[in-house]
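Please report on the packing and the pockets of this protein model. Keep it brief.

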Amino acid sequence: MSQIKIKIEAFGAIERQLPQNLEIVRSVNSTVSDVLDQVIQECPAASAMIERCACAMGEDIISRQTLLNSDSTLVLLSPVAGG
């Protein structure tokens, strides 16, 4: 089974909850949700924030059901309060 590397970048409050240069190795066709579950296993303190964060790749917000089939950078964006 092929493996892919997902680099995790975080912005906002969640950035302080995760280690720098966090990288997750998954099998091809893992979902964003699978990757987030693995991040929570490695960084349980970030669990509540990860539940609420938005996920993006490049400039695009993506859903947690998005399939990942190549090495990628997953961006986690903390929820922003206010308006």
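How much space lies in the largest pocket? About 160 Å³. The model is a predicted one, so that volume is a computed value.

**Pocket lining**

Strand β1 supplies the largest share of the lining, five residues. The residues that line this pocket are Lys7, Ile8, Glu9, Ala10, Phe11, Glu15, Leu18, Pro19, Gln20, Asn21 and Leu22. The table splits the lining of the largest pocket by class.

| Class | Lining residues |
|---|---|
| Nonpolar | six residues |
| Polar | two residues |
| Charged | three residues |

**Nonpolar core**

The largest nonpolar core holds 22 residues. Within it, Ile8, Leu18, Leu74 and Leu76 touch the most other members. Four elements give two or more residues to this core: β1 (3-11), β2 (22-27), α1 (32-42) and β7 (72-77). Of these, α1 gives the most, with five residues.

Ile8 and Leu18 also appear in the lining of the largest pocket.

**Contacts of Leu76**

What does Leu76 contact, leaving aside its neighbours within four places in sequence? Its partners are Ile8, Glu9, Ala10, Phe11, Ile14, Leu18, Leu36, Cys53, Ala54 and Cys55. Among them, Ile8 and Leu18 are listed with Leu76 as core members that touch the most others.

**Confidence**

The protein chain has an average pLDDT of 93. In all, 96% of the residues score at least 70. Strand β3 (residues 30-31) has the highest confidence, at 98. Helix α2 (residues 47-52) has the lowest, at a mean of 94.

Technical notes
Residues are numbered from 1 along each chain as its sequence is written. This is a predicted model: local features need pLDDT of at least 70, side-chain atom pairs count only at pLDDT 80 or more; totals for chains, interfaces and linings use all residues. Side-chain values use heavy atoms; hydrogens and water are left out. A nonpolar core is a set of buried Ala, Val, Leu, Ile, Met, Phe, Trp, Tyr and Cys residues joined through side-chain atoms within 4.5 Å. Buried means under 20% relative accessible area, exposed over 50%, partly exposed in between (1.4 Å probe, protein chains only). Contact means heavy atoms within 4.5 Å. pLDDT is the predictor's confidence in each residue, from 0 to 100. On a 1 Å grid over the protein atoms alone, a cavity is a set of points where a 1.4 Å probe fits but cannot get out, and a pocket is an open set with protein on both sides within 12 Å along at least five of seven lines; lining residues have an atom within 4 Å of a point. Grid points are joined across faces, edges and corners, and a volume is the space filled by probe spheres set on the points. Ala, Val, Leu, Ile, Met, Phe, Trp, Tyr, Cys and Pro count as nonpolar, Asp, Glu, Lys and Arg as charged, and the others, Gly among them, as polar.
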